[in-house]
Amino acid sequence: MTPGLPTDPDDPRLQGWYHTIDLGNGLVPRAVYDLRPVIDLYGIPESLEGMTVLDVGTGDGFFAFEMERRGADRVVAVDLARLGDCDWLPQRRSEIGVAADNQDWPKHFRLAHAMRGSSVDYRHANIYDLSPYNVGTFDLVFCGSLLLHLQNPLKALLAIRSVTRSMAVVETSLDAKLEAQPDLVSRAVLGFGPPDIEARHGENNVFWQFTSGALQKMLQFADFNQVKIAGVFKLPPTEALAASAVAYT
Ligand SMILES: C[S@@+](CC[C@H](N)C(=O)[O-])C[C@H]1O[C@@H](n2cnc3c(N)ncnc32)[C@H](O)[C@@H]1O
């Protein structure tokens, strides 16, 4: 292992992560989500040999590293340069103040990248700005748990479509109560806002709780064909309900 990298499970650099990621040598950070038990429900092909992949809103990089492990020829992972670039409501953005300019937040990705000896290419990009001119096009584009945080998810899906050569896999959280009503699912209804987890509107930047039907229809509006829901599952350990869709160009 490269000198200077953590070797002890109690190393403070392994605390407070978003993703549980196998960092090698038995080291696994303490994280909010452990998506390893559900990774096979997203509809991502088991082998990605011969494919190029883009992971949009990579966070700590769990999916980008998994795509690399599945043999992709090339993986590019993008995320915002600064916390302040998230799609905040203006009143929340001004409250974040200087923390919004913190540019150190891919630090977990960088550490995982070094510890795994990864070749994933990390870039800063806003999903709305993705285009063939700035990132190129990819056989597979993945976007997990991001649409809910965007003021304009359809615009984001159109940007994803512009850089997708063959297929996209898009996962987002569902409104469990709406999803339980088949007539609403088929009418592609979206829930707006998460009253239960925000004391003030827009505090956690959560705008939309989808139904699987809404996810499917929005991908069709974004000019994808053959859109199907690969899985509806709970994200461990929070048990938030989510759907993953596979969509072809
Ligand atoms: C909830 S996390 C999801 C991480 C990972 N994709 C997953 O499925 O577990 C959302 C990620 O999207 C990033 N993000 C938020 N707004 C974005 C935007 N407009 N463009 C690109 N990335 C964005 C955040 O910085 C964060 O890393």
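This is a short tour of a predicted model, from the ligand outward to the sheet, a helix and two loops.

**Stop 1: the ligand**

Select the ligand and show the residues around it. There are 17 of them. Which come nearest? They are His19, Gly57, Asp79, Asn126 and Ile127. Now colour the shell by class. You should find 9 nonpolar residues, 7 polar ones and 1 charged one.

**Stop 2: polar contacts of the ligand**

Select His19 and show its side chain. An N or O atom there sits 2.7 Å from an oxygen atom of the ligand. Next, pick Asn126. Its side chain places an N or O atom 2.9 Å from a nitrogen atom of the ligand. Then go to Gly59 and show the backbone. Here a backbone N or O atom is 3.4 Å from a ligand oxygen atom. Switch on the surface. How much of the ligand does the protein cover? Alone, the ligand has 590 Å² of accessible area, and the protein covers 92% of that.

**Stop 3: the sheet**

Hide the side chains and switch to cartoon view. Look for an open sheet of 7 strands. Trace them in this order: β5-β4-β3-β6-β7-β11-β10. The pairing is mixed. Which strands form the edges? Select 121–124 for β5 and 225–235 for β10; each of these pairs on one side only. Turn the view to follow the twist, which averages 20 degrees from one strand to the next.

**Stop 4: the β5 edge**

Zoom in on β5 and add β4, residues 74–79. The two strands pair in the parallel sense, over 4 bridges. Now select Asp79. Which residue of β5 stands opposite? It is His124. You have met Asp79 before, among the residues that come nearest the ligand.

**Stop 5: a helix across the sheet**

Select residues 212–221, helix α7. What does this helix lie across? Show β7 (164–173), β10 and β11 (240–248) to see the three strands. Compare directions too: α7 runs at about 145 degrees to β10.

**Stop 6: two loops**

Stay with β10 and follow the chain into the loop that leads to β11. Pro237 is found in this loop. Select Pro236 as well and look at the peptide bond between the two prolines. Is it cis or trans? The bond is cis, with omega near 0 degrees.

Finish in the loop between β1 (17–19) and β2 (31–33), where Asn25 is found. Check its backbone angles. Phi is near 50 degrees, a positive value in a residue other than glycine.

Notes
Residues are numbered from 1 along each chain as its sequence is written. This is a predicted model: local features need pLDDT of at least 70, side-chain atom pairs count only at pLDDT 80 or more; totals for chains, interfaces and linings use all residues. Side-chain values use heavy atoms; hydrogens and water are left out. A residue is near a molecule or strand if one of its heavy atoms lies within 4 Å of it. A polar contact is a pair of N or O atoms within 3.5 Å; within protein, one must be able to donate a hydrogen and the other to accept it, and residues adjacent in sequence count only if both atoms are side-chain atoms. Accessible areas come from the Shrake-Rupley method with a 1.4 Å probe; for residues, only the protein chains shown count as cover. Ala, Val, Leu, Ile, Met, Phe, Trp, Tyr, Cys and Pro count as nonpolar, Asp, Glu, Lys and Arg as charged, and the others, Gly among them, as polar. Two strands pair if DSSP finds at least two bridges between them. Axes are lines fitted to C-alpha atoms, for helices over the stretch in contact, and angles run from 0 to 180 degrees between N-to-C directions. Contact means heavy atoms within 4.5 Å.
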